[in-house]
Amino acid sequence: MSGSLAALKSRLNNRKAEAAAKKAQYIRPHKFAPGKNRVRILPGWNAASPDVFYHDYGMHYVKDRENKTAAVYVCTEKTYGKDCPVCSAVYEGIRLAKDTGNTSMEKLISQARATPRVLVNALIRESDEPNKPVILELPSGVFDQMVDQMMTFAEDGVDVLSVTEGHDFIVTKSGSGLDTEYSVSLAPKPTAVTYDASLVVDLAAYCSQESEQGLLKAVNATTAVTGLPAPKSMALAAPARTGTHGGSEAGAFITPPAAAAVAASAPAAAVGAAAVLSAAASAADEAEKELAALEGELMEEAPWEADEVAVEPTPAPAASAAPSVDLAEEINASDDDLDSILDGLDDL
Ligand SMILES: [Zn+2]
(Lines give C-alpha, C1' and ligand atoms only; values in the text may rest on other atoms or scores of the structure.)
Protein backbone atom coordinates (compact mmCIF):
# COMPACT_ATOMS: atom_id res chain seq x y z
CA MET A 1 0.00 0.00 0.00
CA SER A 2 1.37 3.42 -0.86
CA GLY A 3 2.19 5.96 1.81
CA SER A 4 -0.76 8.20 1.06
CA LEU A 5 -3.18 5.28 1.13
CA ALA A 6 -1.78 4.14 4.46
CA ALA A 7 -2.20 7.67 5.79
CA LEU A 8 -5.76 7.77 4.53
CA LYS A 9 -6.51 4.44 6.09
CA SER A 10 -5.08 5.54 9.42
CA ARG A 11 -7.06 8.75 9.24
CA LEU A 12 -10.28 6.86 8.58
CA ASN A 13 -9.51 4.44 11.36
CA ASN A 14 -9.07 7.36 13.75
CA ARG A 15 -12.35 8.79 12.59
CA LYS A 16 -13.99 5.46 13.24
CA ALA A 17 -12.49 5.24 16.73
CA GLU A 18 -13.73 8.74 17.51
CA ALA A 19 -17.20 7.88 16.32
CA ALA A 20 -17.23 4.74 18.46
CA ALA A 21 -16.04 6.75 21.47
CA LYS A 22 -18.83 9.28 20.99
CA LYS A 23 -21.35 6.52 20.90
CA ALA A 24 -19.80 4.95 24.01
CA GLN A 25 -20.41 8.14 26.00
CA TYR A 26 -24.00 7.06 26.42
CA ILE A 27 -23.03 3.76 28.03
CA ARG A 28 -23.37 3.62 31.80
CA PRO A 29 -20.63 1.63 33.55
CA HIS A 30 -21.69 -1.70 35.02
CA LYS A 31 -21.26 -2.09 38.78
CA PHE A 32 -20.92 -5.18 40.94
CA ALA A 33 -24.16 -6.75 42.12
CA PRO A 34 -24.48 -7.87 45.75
CA GLY A 35 -23.13 -11.40 46.22
CA LYS A 36 -20.83 -13.29 43.91
CA ASN A 37 -19.71 -11.72 40.61
CA ARG A 38 -17.65 -13.74 38.16
CA VAL A 39 -15.98 -11.38 35.69
CA ARG A 40 -13.27 -11.55 33.06
CA ILE A 41 -11.13 -8.45 32.66
CA LEU A 42 -10.32 -7.91 28.99
CA PRO A 43 -6.94 -6.82 27.60
CA GLY A 44 -6.44 -3.22 26.38
CA TRP A 45 -8.75 -1.69 23.80
CA ASN A 46 -5.87 -0.85 21.50
CA ALA A 47 -4.33 -3.94 19.92
CA ALA A 48 -0.96 -2.15 19.79
CA SER A 49 -0.87 -1.81 23.59
CA PRO A 50 -2.91 -4.62 25.15
CA ASP A 51 -1.37 -3.90 28.57
CA VAL A 52 -3.20 -0.58 28.80
CA PHE A 53 -6.46 -2.08 29.96
CA TYR A 54 -7.78 0.30 32.62
CA HIS A 55 -8.44 3.99 33.21
CA ASP A 56 -8.76 5.91 36.47
CA TYR A 57 -12.08 7.63 36.84
CA GLY A 58 -13.94 9.87 39.25
CA MET A 59 -17.15 11.87 39.10
CA HIS A 60 -18.45 14.71 41.22
CA TYR A 61 -22.11 14.51 42.17
CA VAL A 62 -22.90 17.98 43.50
CA LYS A 63 -26.12 18.37 45.44
CA ASP A 64 -28.08 21.52 46.17
CA ARG A 65 -29.33 22.58 49.59
CA GLU A 66 -32.45 20.44 49.07
CA ASN A 67 -30.11 17.44 48.70
CA LYS A 68 -31.01 17.05 45.01
CA THR A 69 -28.30 16.42 42.43
CA ALA A 70 -27.51 19.78 40.86
CA ALA A 71 -24.52 18.85 38.70
CA VAL A 72 -22.54 15.80 37.65
CA TYR A 73 -19.05 16.35 36.35
CA VAL A 74 -15.89 14.38 35.70
CA CYS A 75 -13.17 14.87 38.35
CA THR A 76 -10.08 15.83 36.36
CA GLU A 77 -7.89 15.01 39.37
CA LYS A 78 -9.15 11.45 39.84
CA THR A 79 -9.45 10.84 36.10
CA TYR A 80 -6.31 12.45 34.64
CA GLY A 81 -4.29 13.55 37.68
CA LYS A 82 -4.85 17.21 36.65
CA ASP A 83 -5.90 20.03 38.98
CA CYS A 84 -9.65 19.89 39.53
CA PRO A 85 -11.51 23.15 40.22
CA VAL A 86 -14.51 21.19 41.54
CA CYS A 87 -12.27 19.45 44.10
CA SER A 88 -10.89 22.86 45.11
CA ALA A 89 -14.37 24.31 45.53
CA VAL A 90 -15.49 21.23 47.50
CA TYR A 91 -12.47 21.24 49.84
CA GLU A 92 -12.73 24.98 50.43
CA GLY A 93 -16.38 24.43 51.30
CA ILE A 94 -15.55 21.61 53.72
CA ARG A 95 -12.92 23.77 55.39
CA LEU A 96 -15.34 26.66 55.76
CA ALA A 97 -18.03 24.34 57.15
CA LYS A 98 -15.53 22.92 59.67
CA ASP A 99 -14.27 26.36 60.68
CA THR A 100 -17.77 27.62 61.27
CA GLY A 101 -19.04 24.39 62.84
CA ASN A 102 -21.71 24.01 60.16
CA THR A 103 -22.08 20.23 60.24
CA SER A 104 -25.06 20.01 57.89
CA MET A 105 -23.22 21.95 55.18
CA GLU A 106 -20.12 19.87 55.81
CA LYS A 107 -22.13 16.71 55.28
CA LEU A 108 -23.82 18.02 52.15
CA ILE A 109 -20.69 19.33 50.50
CA SER A 110 -18.64 16.27 51.46
CA GLN A 111 -20.90 14.16 49.28
CA ALA A 112 -19.65 16.11 46.28
CA ARG A 113 -16.15 14.68 46.62
CA ALA A 114 -15.23 12.30 43.81
CA THR A 115 -14.57 8.72 44.84
CA PRO A 116 -11.61 7.17 43.02
CA ARG A 117 -12.70 4.43 40.64
CA VAL A 118 -11.12 2.40 37.89
CA LEU A 119 -12.81 1.44 34.63
CA VAL A 120 -12.03 -1.73 32.68
CA ASN A 121 -13.65 -3.59 29.82
CA ALA A 122 -14.99 -6.88 31.12
CA LEU A 123 -17.25 -9.84 30.51
CA ILE A 124 -19.85 -10.55 33.16
CA ARG A 125 -19.46 -14.30 33.00
CA GLU A 126 -22.58 -15.39 34.87
CA SER A 127 -25.09 -13.17 33.10
CA ASP A 128 -27.55 -13.31 30.22
CA GLU A 129 -24.83 -12.01 27.91
CA PRO A 130 -21.59 -13.61 29.11
CA ASN A 131 -19.77 -12.77 25.86
CA LYS A 132 -20.76 -9.12 25.59
CA PRO A 133 -18.03 -6.69 26.72
CA VAL A 134 -19.19 -4.04 29.19
CA ILE A 135 -17.49 -1.14 30.93
CA LEU A 136 -17.02 -2.30 34.52
CA GLU A 137 -16.56 0.26 37.28
CA LEU A 138 -14.28 -0.97 40.07
CA PRO A 139 -13.81 0.61 43.49
CA SER A 140 -10.11 1.46 43.57
CA GLY A 141 -9.55 -0.93 46.50
CA VAL A 142 -10.91 -3.81 44.42
CA PHE A 143 -8.69 -2.87 41.49
CA ASP A 144 -5.64 -2.76 43.81
CA GLN A 145 -6.39 -6.29 44.96
CA MET A 146 -6.81 -7.44 41.36
CA VAL A 147 -3.47 -5.87 40.42
CA ASP A 148 -1.75 -7.62 43.36
CA GLN A 149 -3.10 -10.98 42.24
CA MET A 150 -2.25 -10.32 38.58
CA MET A 151 1.31 -9.52 39.60
CA THR A 152 1.59 -12.74 41.60
CA PHE A 153 0.39 -14.71 38.58
CA ALA A 154 2.63 -12.72 36.20
CA GLU A 155 5.66 -13.66 38.30
CA ASP A 156 4.76 -17.29 37.55
CA GLY A 157 4.41 -16.48 33.85
CA VAL A 158 0.59 -16.46 33.81
CA ASP A 159 -1.18 -13.65 31.98
CA VAL A 160 -4.52 -13.28 33.72
CA LEU A 161 -5.81 -11.07 30.89
CA SER A 162 -5.05 -13.64 28.16
CA VAL A 163 -8.06 -14.25 25.94
CA THR A 164 -7.08 -17.86 25.34
CA GLU A 165 -5.72 -18.90 28.75
CA GLY A 166 -6.55 -16.15 31.22
CA HIS A 167 -8.45 -16.34 34.47
CA ASP A 168 -11.79 -15.00 35.69
CA PHE A 169 -11.97 -12.89 38.83
CA ILE A 170 -14.52 -13.76 41.48
CA VAL A 171 -15.60 -10.66 43.40
CA THR A 172 -18.01 -11.01 46.28
CA LYS A 173 -19.79 -7.87 47.42
CA SER A 174 -21.39 -7.77 50.84
CA GLY A 175 -22.96 -5.10 53.00
CA SER A 176 -24.10 -1.74 51.69
CA GLY A 177 -23.38 1.96 51.85
CA LEU A 178 -20.31 2.77 53.92
CA ASP A 179 -20.14 -0.84 55.19
CA THR A 180 -19.77 -2.39 51.73
CA GLU A 181 -17.00 -4.97 51.57
CA TYR A 182 -15.48 -6.83 48.66
CA SER A 183 -13.45 -10.00 48.50
CA VAL A 184 -11.44 -10.65 45.37
CA SER A 185 -10.04 -13.96 44.14
CA LEU A 186 -8.93 -15.53 40.87
CA ALA A 187 -10.63 -18.60 39.44
CA PRO A 188 -8.05 -21.40 39.65
CA LYS A 189 -8.71 -22.77 36.14
CA PRO A 190 -7.64 -20.87 33.02
CA THR A 191 -10.35 -20.47 30.37
CA ALA A 192 -10.65 -19.16 26.82
CA VAL A 193 -13.20 -16.43 26.14
CA THR A 194 -14.76 -15.18 22.92
CA TYR A 195 -16.38 -11.79 22.53
CA ASP A 196 -17.23 -9.10 20.01
CA ALA A 197 -14.06 -6.98 19.99
CA SER A 198 -15.95 -4.07 18.41
CA LEU A 199 -17.82 -3.61 21.71
CA VAL A 200 -14.59 -3.06 23.65
CA VAL A 201 -14.54 0.64 24.56
CA ASP A 202 -11.59 3.01 24.30
CA LEU A 203 -11.62 4.02 27.95
CA ALA A 204 -9.31 7.01 27.47
CA ALA A 205 -11.85 8.43 25.03
CA TYR A 206 -14.72 7.39 27.27
CA CYS A 207 -13.24 9.28 30.23
CA SER A 208 -12.71 12.39 28.14
CA GLN A 209 -15.87 14.09 29.38
CA GLU A 210 -14.57 17.58 30.00
CA SER A 211 -16.49 20.63 28.88
CA GLU A 212 -16.28 24.23 29.98
CA GLN A 213 -20.01 24.32 30.41
CA GLY A 214 -20.16 21.21 32.59
CA LEU A 215 -17.28 22.50 34.70
CA LEU A 216 -18.94 25.86 35.26
CA LYS A 217 -22.18 24.18 36.21
CA ALA A 218 -20.45 21.92 38.75
CA VAL A 219 -18.41 24.73 40.31
CA ASN A 220 -21.45 27.01 40.45
CA ALA A 221 -23.50 24.26 42.06
CA THR A 222 -20.75 23.83 44.67
CA THR A 223 -20.36 27.52 45.45
CA ALA A 224 -24.15 27.88 45.61
CA VAL A 225 -23.99 25.59 48.65
CA THR A 226 -20.90 27.08 50.25
CA GLY A 227 -21.43 30.73 49.38
CA LEU A 228 -17.73 30.95 48.55
CA PRO A 229 -16.38 32.44 45.31
CA ALA A 230 -15.24 30.05 42.57
CA PRO A 231 -11.66 28.84 43.11
CA LYS A 232 -8.87 30.88 41.54
CA SER A 233 -7.59 27.78 39.71
CA MET A 234 -10.80 27.85 37.70
CA ALA A 235 -9.56 29.93 34.79
CA LEU A 236 -6.29 28.04 34.50
CA ALA A 237 -7.75 24.59 34.83
CA ALA A 238 -10.73 25.10 32.57
CA PRO A 239 -10.31 22.88 29.53
CA ALA A 240 -9.04 24.80 26.54
CA ARG A 241 -11.12 22.76 24.16
CA THR A 242 -14.71 23.68 23.60
CA GLY A 243 -17.31 21.17 22.63
CA THR A 244 -19.20 21.57 19.40
CA HIS A 245 -22.48 21.05 21.24
CA GLY A 246 -23.94 24.34 22.41
CA GLY A 247 -26.69 24.55 24.95
CA SER A 248 -27.00 20.94 26.01
CA GLU A 249 -27.64 20.09 29.65
CA ALA A 250 -25.56 16.95 29.26
CA GLY A 251 -22.34 18.85 28.74
CA ALA A 252 -20.30 16.65 31.03
CA PHE A 253 -21.19 13.58 29.08
CA ILE A 254 -20.82 14.73 25.55
CA THR A 255 -17.26 14.72 24.49
CA PRO A 256 -15.21 17.25 22.68
CA PRO A 257 -13.13 15.53 19.99
CA ALA A 258 -11.81 12.42 21.66
CA ALA A 259 -8.70 12.01 19.57
CA ALA A 260 -6.67 14.51 21.56
CA ALA A 261 -7.35 12.65 24.78
CA VAL A 262 -6.44 9.34 23.21
CA ALA A 263 -3.20 10.68 21.82
CA ALA A 264 -2.28 12.37 25.07
CA SER A 265 -2.97 9.40 27.28
CA ALA A 266 -1.90 6.53 25.03
CA PRO A 267 1.35 5.31 26.53
CA ALA A 268 4.17 4.06 24.36
CA ALA A 269 3.44 0.64 22.97
CA ALA A 270 5.27 -2.43 24.18
CA VAL A 271 5.35 -1.60 27.85
CA GLY A 272 5.80 -4.81 29.83
CA ALA A 273 2.80 -6.05 31.76
CA ALA A 274 4.77 -6.05 34.99
CA ALA A 275 5.87 -2.45 34.50
CA VAL A 276 2.31 -1.34 33.83
CA LEU A 277 1.03 -3.23 36.83
CA SER A 278 3.62 -1.89 39.21
CA ALA A 279 3.02 1.62 37.90
CA ALA A 280 -0.66 1.08 38.56
CA ALA A 281 0.11 -0.23 42.04
CA SER A 282 2.36 2.67 42.98
CA ALA A 283 -0.05 5.22 41.54
CA ALA A 284 -2.78 3.60 43.55
CA ASP A 285 -0.60 3.67 46.66
CA GLU A 286 0.07 7.35 46.20
CA ALA A 287 -3.56 8.13 45.60
CA GLU A 288 -4.42 6.16 48.70
CA LYS A 289 -1.90 8.04 50.83
CA GLU A 290 -3.11 11.34 49.54
CA LEU A 291 -6.67 10.34 50.13
CA ALA A 292 -5.86 9.09 53.63
CA ALA A 293 -4.23 12.44 54.39
CA LEU A 294 -7.26 14.31 53.13
CA GLU A 295 -9.57 11.97 54.98
CA GLY A 296 -7.67 12.48 58.19
CA GLU A 297 -7.82 16.19 57.74
CA LEU A 298 -11.37 16.55 56.57
CA MET A 299 -13.54 13.56 57.26
CA GLU A 300 -13.84 10.50 59.42
CA GLU A 301 -16.14 8.66 57.04
CA ALA A 302 -15.00 5.85 54.82
CA PRO A 303 -14.88 7.34 51.36
CA TRP A 304 -15.09 4.48 49.00
CA GLU A 305 -18.75 3.69 48.87
CA ALA A 306 -19.91 7.19 49.55
CA ASP A 307 -21.44 7.64 46.13
CA GLU A 308 -23.46 4.44 46.33
CA VAL A 309 -26.00 6.33 48.37
CA ALA A 310 -25.91 9.33 46.08
CA VAL A 311 -28.55 9.91 43.47
CA GLU A 312 -27.44 8.22 40.29
CA PRO A 313 -26.31 10.50 37.50
CA THR A 314 -28.30 10.69 34.34
CA PRO A 315 -25.85 10.73 31.45
CA ALA A 316 -28.57 11.37 28.90
CA PRO A 317 -31.28 13.43 30.55
CA ALA A 318 -34.58 13.92 28.78
CA ALA A 319 -33.48 17.29 27.43
CA SER A 320 -30.68 15.70 25.42
CA ALA A 321 -32.44 12.48 24.47
CA ALA A 322 -33.40 13.68 21.03
CA PRO A 323 -29.98 15.00 19.98
CA SER A 324 -28.30 11.85 21.29
CA VAL A 325 -30.47 9.62 19.14
CA ASP A 326 -29.71 11.75 16.11
CA LEU A 327 -26.04 11.60 16.91
CA ALA A 328 -26.10 7.84 17.35
CA GLU A 329 -27.87 7.45 14.02
CA GLU A 330 -25.45 9.76 12.32
CA ILE A 331 -22.54 7.85 13.76
CA ASN A 332 -24.05 4.53 12.80
CA ALA A 333 -24.46 5.71 9.26
CA SER A 334 -20.94 7.03 9.03
CA ASP A 335 -19.60 3.81 10.58
CA ASP A 336 -21.07 1.79 7.75
CA ASP A 337 -19.61 4.14 5.17
CA LEU A 338 -16.24 4.01 6.83
CA ASP A 339 -16.34 0.23 7.01
CA SER A 340 -16.93 -0.10 3.29
CA ILE A 341 -14.22 2.43 2.50
CA LEU A 342 -11.77 0.67 4.79
CA ASP A 343 -12.66 -2.69 3.26
CA GLY A 344 -12.00 -1.20 -0.16
CA LEU A 345 -8.59 0.01 0.98
CA ASP A 346 -7.72 -3.41 2.31
CA ASP A 347 -8.28 -4.88 -1.15
CA LEU A 348 -5.73 -2.57 -2.72
ZN1 LIG B 1 -12.31 16.72 41.35
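**A zinc site and an arginine in a loop**

The site of the zinc ion is tetrahedral, with angles of 102 to 118 degrees among its four donor atoms. For four donors, tetrahedral requires all angles to lie between 85 and 135 degrees. This is a predicted model, in which local features need pLDDT of at least 70, side-chain atom pairs count only at pLDDT 80 or more, and totals for chains, interfaces and linings use all residues. Residues are numbered from 1 along each chain as its sequence is written, and side-chain values use heavy atoms, leaving out hydrogens and water.

Which protein residues hold the donors of the zinc ion? They are His 60 (NE2), Cys 75 (SG), Cys 84 (SG) and Cys 87 (SG), lying 2.0 to 2.3 Å from the ion. Donors are N, O and S atoms within 2.8 Å of the metal (3.2 Å for Na, K and Ca); water is not among the atoms, so sites may look incomplete. Along the chain, the donors follow the spacing H-x14-C-x8-C-x2-C. His 60 sits in strand S3 (residues 59-63) and Cys 87 in helix H3 (residues 85-99); this pair, 27 residues apart, links distant parts of the chain. Helices (H or I, at least four residues) and strands (E, at least two) are DSSP runs, numbered from the N terminus.

Both His 60 and Cys 87 are buried. Cys 87 counts as buried because its relative accessibility is 9%. Buried means under 20% relative accessible area, exposed over 50%, partly exposed in between (1.4 Å probe, protein chains only).

Now to the loop. Arg 125 lies between strand S5 (117-124) and strand S6 (134-139). Its side chain makes a polar contact with the side chain of Asp 168, at 3.0 Å. A polar contact is a pair of N or O atoms within 3.5 Å; within protein, one must be able to donate a hydrogen and the other to accept it, and residues adjacent in sequence count only if both atoms are side-chain atoms.

Methods
Four donors count as tetrahedral if all angles lie between 85 and 135 degrees; four count as square planar and six as octahedral if opposite donors are over 155 degrees apart and all others between 65 and 115; anything else is irregular.
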